[in-house]
Amino acid sequence: MILEVDAVGKQFGALAALTRVSLSVAPGQVFSVIGPNGAGKSTLFNVISGLHAPSTGHVRFAGEDITGLPPEQVNRRGLAKTFQITNVFPEISVLDNVRVAAQSRAPESGRLRSLWRRPDVDDTVLRLLEAFGLGRRADELAENLSHGEQRYLEICLALATAPRLLLLDEPTAGMTPGETRDATALIRRIVVERGLTLLLIEHDMSVVMGISDRVAVLHFGEKIAEGTPEEIRHDPRVIEAYLGGVDD
Amino acid sequence: MSKPPTWRVALVFALLAAVPFVPGVSRYHLLLAFDALLFGAIAMSLDLLIGYTGLVSFGHAAFYGLGAYATAVLLERGVLSVWACLAFALVVVGLYALVVSYFATARRGIYFALLTLIFAEVVYTFFRYTQTFGGSDGIQGLPDASVWPGVLIDTPTRKYYLVLAYLLGAWVVCRRVVTSHFGRVLVAIRENEDRARFLGYNVQRYKMGACMISALLTGLGGAIYPIRAAFATPDLMVWTESGEFIISVMIGGLGTLVGPVIGGAFFTLLRDKVSSVVDWYFLVIGAVLVVIVLFMPRGLLGLRRLVRLRRGRLPA
Amino acid sequence: MDYLVAVLLPQLLHGLVFGAALGLLALGLTVIFGLLGVMNFAHGELFMLGAYAGLGVIGATGSFWLALLAAPLLVGMVAAVTEIATLRPIYHREPLYGLILTFGLALVFREGVRQLWGGDMRRILPPFPGSTPLLGMLYPDYRLFLLAASAVVLLAIWLFFTRTRAGIIVRAAVQDAEMLDGLGVNVRRVFTLTFAASGALAALAGLLLAPVFTVYPQMGVEMILLAFIVVILGGMGSLGGSVAAAFIIGVAQSLFSLWMNPQRVAIAIFGIMIIVLIVRPRGLYGREGVLE
């Protein structure tokens with residue numbers, strides 16, 4: 001298991017955002033987390049990626065306990081997250097965006113040497129941009145990209161840090177059905193090519209059913225079901241949770 | 001960001017070096033030029049923080065003033081070597097900056113502004129209201145510093161060249177930082193602090209680095225001041241002084257390095273003319289700051305800079 | 001025992017009143033920052049303007065009570081105009097612009113007042129000068145009134161934030177301003193009203209405290225510095241935390257003044273802040289992630 005979420009709970013004051021959520025992700029798997037709005041999916045990602053320390057429980061990555069580590073350290077251990085609302089560096093170019101992401105792994109980074117040496121990562125960066133069709137937009141300011149292109153840029157930023165596990169928070173949010181299809185296929189291909197493990201939050205059922213190996217369902221902060229896409233599709237508890245809540 | 005080619009910079013410095021030889025240049029002019037260049041250099045080092053890292057320091061006057069007192073304390077005791085003064089200032093300001101930057105960068109950007117202000121106020125209170133360093137009078141009647149035993153920095157011309165050397169050194173350091181990988185990360189932090197963290201950067205460490213470099217450069221500038229003025233007083237650390245540094249950066253243009261130098265120089269010359277009308281001087285400063293933010297955020301130079309608009313709070 | 005009652009207790013009560021005023025300021029700062037995204041460096045000046053507006057009204061009408069009504073309204077209007085004219089255009093810009101702009105505004109207000117009224121200390125006389133025997137001590141009536149007034153104001157604010165729809169929305173929006181978009185409220189108006197209201201409250205505090213302190217253009221500066229310390233200590237994620245921290249600082253300031261001169265008091269308060277920051281870097285009540 002590359003990721004183990006062990007009875008994780010998160011309280012915000014009186015609000016219990018997560019209650020004893022456990023799941024395990026095997027290397028190379030595509031694991032989706034679904035659930036109605038407010039189910040705690042993003043909170044779960046925030047706990048795994050280090051933004052919040054869990055109130056209870058542990059998170060283990062590749063055997064190492066990463067509970068409570070800050071985001072930069074979690075990222076350095078091989079776990080990269082994208083944001084639900086596009087969170088890039090708006091006023092610099094697409095190339096510079098991904099370049100600064102890739103450079104965080106260079107040996108000069110974080111040391112005094114970085115004052116006079118610039119790590120050369122351009123090849124890696126350009127190849128990554130090409131893979132997502134952003135090669136020709138390399139010199140454009142990130143804020144000038146279309147919504148779909150910015151979502152791709154989000155993923156590029158995360159991938160540039162050479163992760164083993166990728167956390168994608170609603171990667172197709174705001175995309176048209178056509179864009180969503182393309183994005184899903186692209187993500188799947190990249191994941192397979194690079195041998196990545198993927199943990200996915202998605203609202204679009206076609207995406208979830210299409211590429212997931214396993215699916216977990218959250219509702220009011222608790223995991224109510226887990227299984228293969230087929231099992232989940234027919235699980236009465238899941239159907240009830242969605243019918244009872246407001247969803248797409 | 002426009003990158004002036006090296007020969008252009010060299011030309012500017014050559015011209016500046018020739019100023020004392022211009023016919024009609026008096027003692028008064030040279031000392032005024034000294035002030036202008038000093039202020040400009042400090043504004044430039046502040047730009048590293050505000051323009052490139054997005055951190056507004058409201059307490060930069062404390063770094064400046066501490067540097068000045070460091071020199072004053074040595075000169076008072078007969079240690080005349082300018083090198084000793086500079087080294088001592090680096091140590092003193094460095095220690096203070098280490099403490100301030102540690103606390104000020106531990107949380108979100110906004111706390112940086114608050115904490116730098118509070119720390120500077122405490123430092124000012126200490127120097128102004130206790131008698132340890134002369135209270136409100138400060139340290140007066142200082143002797144001239146020396147470059148070499150027997151070679152005193154006593155004429156306006158020599159003082160002018162001292163500040164010119166300082167400006168050159170500060171410029172080189174700032175350019176190095178800004179074009180380095182370190183500088184790129186600073187910009188990323190300014191653009192989106194959270195994202196930088198999630199990409200593996202220890203944001204606090206970078207912010208501290210930027211703050212230390214800016215503080216040390218400013219402290220060196222402060223260290224030079226008593227060599228020109230023969231005194232160091234708490235007035236150097238008043239928070240309004242921090243405001244004047246900020247206004248210099250804003251006039252010149254954030255994130256351009258060159259802009260703040262010109263802005264600082266311009267502001268000094270302006271202040272020299274207006275200083276007699278002390279009464280509504282600060283009113284004008286405040287108004288100018290408001291006007292610049294509203295109508296001329298790019299400053300007088302309007303140079304293209306890397307920082308700009310972000311995050312919306314109101315719907316379009 | 002005598003010392004306790006004669007010296008410590010009044011000072012403690014005074015500290016509570018001072019803390020209540022600080023709490024009003026800190027609340028204003030927190031709400032404005034959470035909602036509008038601007039750290040209002042000019043907030044101390046709104047406090048100061050309250051006292052001077054009071055001076056003006058009292059000068060014109062001779063009535064302190066009328067001033068208590070009119071001054072906050074006047075300052076609230078000034079605040080509203082300021083928000084519309086200077087803050088609205090820059091909300092979409094980076095936070096650093098808001099900082100620099102409000103810093104400039106503070107200078108304008110402060111020096112403007114100095115030009116209009118001069119830099120001398122002024123006095124506003126308490127509306128009722130008598131004293132009441134309390135626990136064997138003569139306690140000024142006005143101070144008792146202040147205690148009551150602070151309690152009333154804080155209670156009213158608490159009720160607003162917990163019992164009214166508007167208050168609950170504002171409180172939630174402070175944590176997450178984007179949620180306002182989905183509620184169908186007129187965001188522009190909410191922002192202006194919020195800014196005006198916090199300005200009016202600051203002005204009220206300024207006028208109420210004026211008879212106890214002197215009135216001078218710099219009076220807002222000292223308050224805002226302490227308010228910043230309160231905000232740093234209380235964290236900006238919790239409104240209750242701000243008020244609690246304000247009382248701690250207010251009482252500390254008051255008690256320390258018994259034993260140290262003003263400069264040492266300032267350094268002592270600063271020392272408290274540093275110690276808290278070392279032990280609890282996010283402040284006393286800060287929560288991770290949100291506004292931290």
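This tour moves through a predicted model, from chain A to the meeting of chains B and C and then to one residue of chain B.

**Stop 1: chain A as a whole**

Select chain A and display it as a cartoon. Nine helices and 10 strands make up its list of helices and strands. Turn the chain along its principal axes: its C-alpha atoms fill a box of roughly 55 × 40 × 30 Å. The radius of gyration of chain A is 18 Å, which agrees with the value near 18 Å that a compact globule of 248 residues would have. Of those 248 residues, buried ones account for 44%. Consider next the contacts in chain A between residues at least 6 apart in sequence: 66% of them join residues at least 24 apart.

**Stop 2: helix H1 of chain A**

Now select residues 41-49 of chain A, which form helix H1. Is this helix mostly covered or mostly uncovered? Helix H1 of chain A is mostly covered, since eight of its nine residues are buried. To see them, show the side chains of A:Lys41, A:Thr43, A:Leu44, A:Phe45, A:Asn46, A:Val47, A:Ile48 and A:Ser49. Then step to A:Gly50, which follows the helix and has a positive phi, near 105°.

**Stop 3: where chain B meets chain C**

Show chains B and C together. Here 42 residues of chain B are in contact with 43 residues of chain C. On chain B, select helix H5 (109-129), helix H10 (239-252) and helix H12 (281-295); each supplies at least two residues of the side that touches chain C. Which element gives the largest share of that side? The answer is H5(B), with 13 residues. Colour the side of chain B that touches chain C by residue class, and it divides into 30 nonpolar, seven polar and five charged residues.

**Stop 4: B:Tyr64**

Finally, select B:Tyr64, which lies in helix H3 (residues 60-76) of chain B. Why does B:Tyr64 count as buried? The reason is that B:Tyr64 has 29 C-beta neighbours inside 10 Å, and 20 or more are enough for a residue to be called buried.

Next, display the residues that B:Tyr64 contacts, leaving aside its neighbours within four places in sequence: B:Ile42, B:Thr218, B:Gly219, B:Gly221, B:Gly222, B:Leu236 and B:Glu241. To end the tour, draw a distance line from the C-alpha of B:Tyr64 to that of B:Tyr225. These two residues are 161 residues apart in sequence, and their C-alpha atoms are 9.0 Å apart in space.

Terms used: Residues numbered from 1 in each chain as written. Chains lettered and ligands numbered in written order. Predicted model: local features only at pLDDT ≥ 70, side-chain atom pairs only at ≥ 80, totals over all residues. Contact = placed C-beta atoms within 7 Å. Helix = DSSP H or I, 4+ residues; strand = E, 2+ residues; numbered from the N terminus. Nonpolar A, V, L, I, M, F, W, Y, C, P; charged D, E, K, R; others polar. Buried ≥ 20, exposed ≤ 12 C-beta atoms within 10 Å, placed from the backbone. Rg over C-alpha atoms; globule rule 2.2 N^0.38 Å.
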